[in-house]
Amino acid sequence: MKHIVSFLHSLSFILFSVLFVFFLQPPQKQAAPPYKGILRLWHIDSFEGGKGSRANFLKRTASQYEKSHNGLYFMVNTYTAEGAAQAIAQGDVPDLISFSCGLNAVGEHCRALSVNFSGGAIGKDCYAYPWCGGGYYLFCLEEDFSLVNAQNLVISDGGNNLPWVAAALHGLSGEIPTLDSTSAYVQFLKGEYRYMLGTQRDVCRFQTRGATVYRQPLQEFNDLFQYIAVTTPDADTLTACMEFTSFLLSDAVQEKLTEIGMYSAKAITAQNTLSAFVDSGGLEQMRQRAKGALQTGQLKILKNYLKPLN
């Protein structure tokens, strides 16, 4: 009889424990289901890339991501900096934006990221990170960069980037002629200038032409960064945007940047950059300061507006 009573007590305890686990514990918070819907990604070209299209690269990457995320779709649209700034000012803000320096009023809409890059930092947090980048180079048809000066050099101007800052910080000075990127490339190959200061776009041009051209990287300054930022105003889409950003910055995707002649931020060595959030007015001021620094050789004021990278 004692054994029966003991057994019943044990059984009662077990039943009570089971009931407590299933009925008396506070309910567990359920994870939110994956977002299903359309994410809008805007892309803005403000400087020359390498080859092909950065917008198409984003579209291919988004399409690849969609295949493993059922019900999630991307709408990738290309804007001018002026068009994007006007739309944002009117309250039309996308979920993600690919941009570079000179875009007005984007910083106030960006969400903090879990990565760090001083060019995309505001205070202690990072709000934009380069998903690809380029670089400045001196080019010469001979392997001799010992004679570069204002008389035998041409600067290639390819957009809203600042090659004059790269020239000034490299120690060059004087009245250095500037031509649009196509004219500079043609005249350099014709021998009208011994040296040309250009970018990764020219590297790709020379490769396509099959021309033997030597290059020396300029590592004092680089503003040739294409940033990605999460700008969604909707809390429901935030996680999806952050996860796509991580995918875009993953090694598997970054290794494919050679397809468009661009580089991963991890592979770029530069000492200084501009803030990603410099607006169009600030960019024009920097352009004038850089040209002035080339004339005077005075770099102190110019350096005050730069952000150290390494």
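This is a short walk through the fold, the cores, the empty spaces and a few single residues of one chain.

Okay, before anything else: what we have on screen is a predicted model.

Let's start with the overall picture. The chain carries ten helices and 14 strands. Of its 310 residues, 46% are buried. If you take contacts between residues at least 6 apart in sequence, 78% of them join residues at least 24 apart. The accessible surface comes to about 16100 Å², and carbon and sulfur atoms own 53% of that.

Now, the inside. In soluble globular proteins, nonpolar side chains tend to be buried together. So which residues have the most contacts inside the largest nonpolar core? They are Phe-99 and Trp-131, in a core of 82 residues. Helix 4, residues 163–169, supplies the largest share of this core, with six residues. Apart from that one lies another core, of eleven residues, and Tyr-185, Phe-188, Met-196 and Val-213 are among them.

Let me zoom in on a strand. Leu-41 is part of strand 1, which runs over residues 37–44. Leu-41 counts as buried because its relative accessibility is 0%, and the cut-off is under 20%. What does Leu-41 touch, if we skip residues up to four places away in sequence? The list is Leu-58, Met-75, Val-76, Asn-77, Leu-96, Ser-98 and Phe-244. There's also a long-range pair here: Leu-41 and Ile-228 sit 187 residues apart along the chain, with their C-alpha atoms separated by 9.6 Å.

On to helix 6, residues 200–209. Its buried residues are Gln-200, Asp-202, Val-203, Cys-204, Arg-205 and Phe-206. What covers them? The cover includes strand 7 (136–140), strand 8 (153–157), helix 5 (181–189), strand 10 (195–199) and strand 11 (214–218). Just after helix 6 comes Gly-210, with a positive phi of about 80°.

Cys-204 brings me to the cysteines. It is buried, at a relative accessible area of 5%, and Cys-140 is buried too, at 1%. A disulfide is a covalent bond between the sulfur atoms of two cysteines. How many disulfides do we count in this model? Zero, using a cut-off of 2.5 Å between the sulfur atoms.

Next, the empty space. Rolling a probe the size of a water molecule over the atoms shows where empty space is left. Doing that here gives two cavities of 30 Å³ or more. The largest cavity has a volume of about 50 Å³. Which residues line the largest cavity? Glu-48, Ser-156, Gly-158, Asn-161, Ser-181, Gly-198, Thr-199, Asp-202 and Leu-224 do. You'll recognise Asp-202 there, one of the buried residues of helix 6.

There are pockets as well, and the largest pocket has a volume of about 280 Å³. It is lined by 14 residues, and the ones nearest its centre are Pro-33, Pro-34, Tyr-35, Thr-239 and Ala-240. Which helix gives the most to that lining? It's helix 7, with five residues.

While we're on helix 7, look at Thr-237. It belongs to this helix, which covers residues 235–248. Buried or exposed? Thr-237 is buried, because its relative accessible area is 3% and anything under 20% counts. Leaving aside neighbours within four places in sequence, Thr-237 contacts Tyr-35, Leu-39, Asp-95 and Thr-232. Tyr-35 is also one of the residues nearest the centre of the largest pocket. As for Asp-95, it is 142 residues from Thr-237 in sequence, yet the C-alpha atoms are 7.8 Å apart.

Last stop, the loops. Ser-53 sits in the loop between strand 1 and helix 2, which is 54–67. Ser-53 is partly exposed, with a relative accessibility of 24%. Its C-alpha is 6.6 Å from that of Ile-260, and those two are 207 residues apart along the chain.

And one backbone oddity to finish. Most residues other than glycine have a negative phi, and most peptide bonds are trans. Ala-105, though, has a positive phi, near 60°. Where is Ala-105? Ala-105 lies in the loop between strand 3 (96–99) and strand 4 (121–122). At 40% relative accessibility, Ala-105 counts as partly exposed, because that value falls between the 20% and 50% cut-offs.

That's my tour, thanks.

Note on methods: Residues are numbered from 1 along each chain as its sequence is written. This is a predicted model: local features need pLDDT of at least 70, side-chain atom pairs count only at pLDDT 80 or more; totals for chains, interfaces and linings use all residues. Side-chain values use heavy atoms; hydrogens and water are left out. Buried means under 20% relative accessible area, exposed over 50%, partly exposed in between (1.4 Å probe, protein chains only). Helices (H or I, at least four residues) and strands (E, at least two) are DSSP runs, numbered from the N terminus. Contact means heavy atoms within 4.5 Å. A nonpolar core is a set of buried Ala, Val, Leu, Ile, Met, Phe, Trp, Tyr and Cys residues joined through side-chain atoms within 4.5 Å. Accessible areas come from the Shrake-Rupley method with a 1.4 Å probe; for residues, only the protein chains shown count as cover. On a 1 Å grid over the protein atoms alone, a cavity is a set of points where a 1.4 Å probe fits but cannot get out, and a pocket is an open set with protein on both sides within 12 Å along at least five of seven lines; lining residues have an atom within 4 Å of a point. Grid points are joined across faces, edges and corners, and a volume is the space filled by probe spheres set on the points.
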